[in-house]
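This briefing concerns the surroundings of a bound ligand and the packing of a pair of helices. Please consult the sequence and the structure shown below alongside the points that follow.

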Amino acid sequence: MPDIIKLLPDSVANQIAAGEVIQRPASLIKELIENSVDARSKTIKIIIKDAGRTLVQITDDGAGMSETDARLCFERHATSKISSAEELFSIQTKGFRGEALASIAAVAMVELKTRKEGEEIGTLIKINGSKVEMQEAVSCPKGTNIAVKNLFFNVPARRKFLKSEATELRHIINEFQRIAIAHPGISFIFISNEKELFNLNPSNLMQRLMGIFGKNINVSLVNINTESSLIRISGFIGKPEHARKTFGEQYFFVNYRYMRHPYFHKAVMEAFENVLQPDSIPSYFIFLEADPATIDVNIHPTKTEIKFENERMIWQIIHASVREAIGKFNISPSIDFDREGLIEIPPPGKGIIGMPDYEINPYYNPFSEDDKYQRPTISFDAEKRDRLENWDKLLAGIESTPGPDQKEAGLGQDESEQSHKRITRLIQIKGKFILCPVKSGLMVVDQKRAHERILFEKFLEALTKGTSVSQKSLFPRSLELSQADIALLSEIEDDLKNVGFDISYLGNNTVSINGYPADSGNDDPVQMFEILLEDYKSTRKDISLEPRERLARSMARAGAIPYGRQLSEEEMRDLFDTLFACKTPNYSAAGKPVVNIITTEEFDKRLK
Ligand code: ADP
Ligand code: MG
């Protein structure tokens, strides 16, 4: 019997192998730009035609290649980046398998011009489907210029599988952006069908992101930065309110190489828990730097997933540093209070020289319901009083509570203590929003959501630590529940006790509420309990929440100050103080915004 095994010719073997590395024009972009980055280029220019089918050309000003290297680089496993197996574990460059150029040359027509620094003359090589067509000396700038034409010209089946131009271009741009973000110090020019799509100057990361995604991204990101012996984390995360419903701007880089990492992605998502609208995904640009020896480099070139030695620990570190960054951002409104927005109240009754005259409402009595006593007028001169009256008209229909500044202007106050104090006036409108002047404009706080956030954090802590205060109901209230609710109640009974509910069973599906959590804004314990049960039941399907978080959330909703409740200045102030002492004041437990600032620019626009 004749032998039947034959060795495939190199060109065929290369074509088969190329299929793994070069799947579509975007793979060319990735491999070629990475080579230019590895060659320490400062400027990389990319020109494509017809989404890379007709032409992908990359010009760089990097190290360039000698005549021999220019010929060798198209051989399979020809690489300058490692020379021994050990080096695999300290690899810092993008490539090292020496497969890309061999694969590209197997399935396209390639023209390479390159000159090494210090050499007078460069090399031009043309190679079609692995076959060298010509090689000659050429004069060219330092660096490498590689043009890949007619991709898959000799593999019609693959060419047929290319998607529409728009789809291929999207893939190309994705690959391009990943590299451009990872290397903000390199300048990139990107031209598609003669149109310049990107022209990115060397810059820092934020400027690079602005160059790619538009200037507005600036306001939607916060810095993240953590250093540990295991890993260094830097970059940006998106503010929760800018999160979108679709995947898009989620980028992980490890040692300046883009990677996909579903497990670490979860760490980020979990850190955002309770501050996001349901189903939305925050953007992030997170750079991890780790010792290459702790990363599995033995991955396929087209695979973007990477294995780490200490995945669980790194997960924790990512989670913590994202949380910290969210927290940092959330604190900012509280330190944003505007000095300009503060009203200085002159000490009443003292004739300080140069102090303008002012009048006070002598009838003012903060404890009186009568309108006459509720509206202290403070005016510094007649003209101002006129304006104040006009203001009064303008403000008609808006309920406002007398501020302490007004109280100070009243009688019977301790002058020495109260006078000359700077106070920000808080205004409640429609029993729903509290307004406060801040540096950048006017801050609006949703009173119910604010209280929900405060209670949520408080209850969550109480549930974990079992430290809460109960207030006794003056008259224990009984209420009849369904069989199902009784069953549910027995499930969460212990937790309810932990947050301050005191409930006893009276038999016949009836329970008595003897005490309820202190600090509740809802002073009807029965109503509170009913809302709690309903809410808890309705979120049952939400498996993304831990049971305790779910309970804390329902408790917070049930116990929050309802809309329509008039708050005193002191209550509002209290609410503000506690809110901004929260870990995540900007979002309610359900992820709805609590705080918003209407900027002075917006006012300017409206009043133009
Ligand atoms: P790898 O990048 O894995 O080493 P490639 O096939 O992509 O393999 O490239 C082979 C070799 O060609 C590289 O190791 C490098 O020495 C050289 N090379 C490729 N592109 C460039 C470039 N733009 N500038 C300088 N040298 C390059
Ligand atoms: Mg390479």
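In this predicted model, 19 residues surround ligand 1, and those that come nearest are Thr79, Ser80, Lys81, Phe96 and Gly98. By class, the residues of this shell divide into eight polar, seven nonpolar and four charged.

**Secondary structure around ligand 1**
- Helix α2, spanning residues 25-38, supplies at least two residues of the shell around ligand 1.
- Helix α4, spanning residues 100-107, likewise supplies at least two residues of that shell.

**Polar contacts and burial of ligand 1**
- Asn35 places a polar side-chain atom 2.8 Å from an oxygen atom of ligand 1.
- A nitrogen atom of ligand 1 lies 2.9 Å from a polar side-chain atom of Asp60.
- The side chain of Thr144 has an N or O atom 3.2 Å from a nitrogen atom of ligand 1.
- Ligand 1 taken alone exposes 530 Å², of which the protein buries 91%.

**Packing of helices α15 and α19**
- Two packed helices are described by the distance between their axes and the angle between those axes.
- The axes of α15 (residues 447-465) and α19 (residues 569-580) come within 9 Å.
- These two axes cross at roughly 50°, an angle that is neither under 35 degrees nor within 65 to 115, and α15 and α19 are therefore oblique to each other.
- The crossing in which α15 passes α19 is left-handed.

Definitions and conventions. Residues are numbered from 1 along each chain as its sequence is written. Chains are lettered from A and ligands numbered from 1 in the order in which they are written. This is a predicted model: local features need pLDDT of at least 70, side-chain atom pairs count only at pLDDT 80 or more; totals for chains, interfaces and linings use all residues. Side-chain values use heavy atoms; hydrogens and water are left out. A residue is near a molecule or strand if one of its heavy atoms lies within 4 Å of it. A polar contact is a pair of N or O atoms within 3.5 Å; within protein, one must be able to donate a hydrogen and the other to accept it, and residues adjacent in sequence count only if both atoms are side-chain atoms. Accessible areas come from the Shrake-Rupley method with a 1.4 Å probe; for residues, only the protein chains shown count as cover. Helices (H or I, at least four residues) and strands (E, at least two) are DSSP runs, numbered from the N terminus. Ala, Val, Leu, Ile, Met, Phe, Trp, Tyr, Cys and Pro count as nonpolar, Asp, Glu, Lys and Arg as charged, and the others, Gly among them, as polar. Axes are lines fitted to C-alpha atoms, for helices over the stretch in contact, and angles run from 0 to 180 degrees between N-to-C directions. Angles under 35 degrees count as roughly parallel, over 145 as roughly antiparallel, 65 to 115 as roughly perpendicular and the rest as oblique. A crossing is left-handed if the near helix is turned anticlockwise from the far one by less than a right angle, and right-handed if clockwise.
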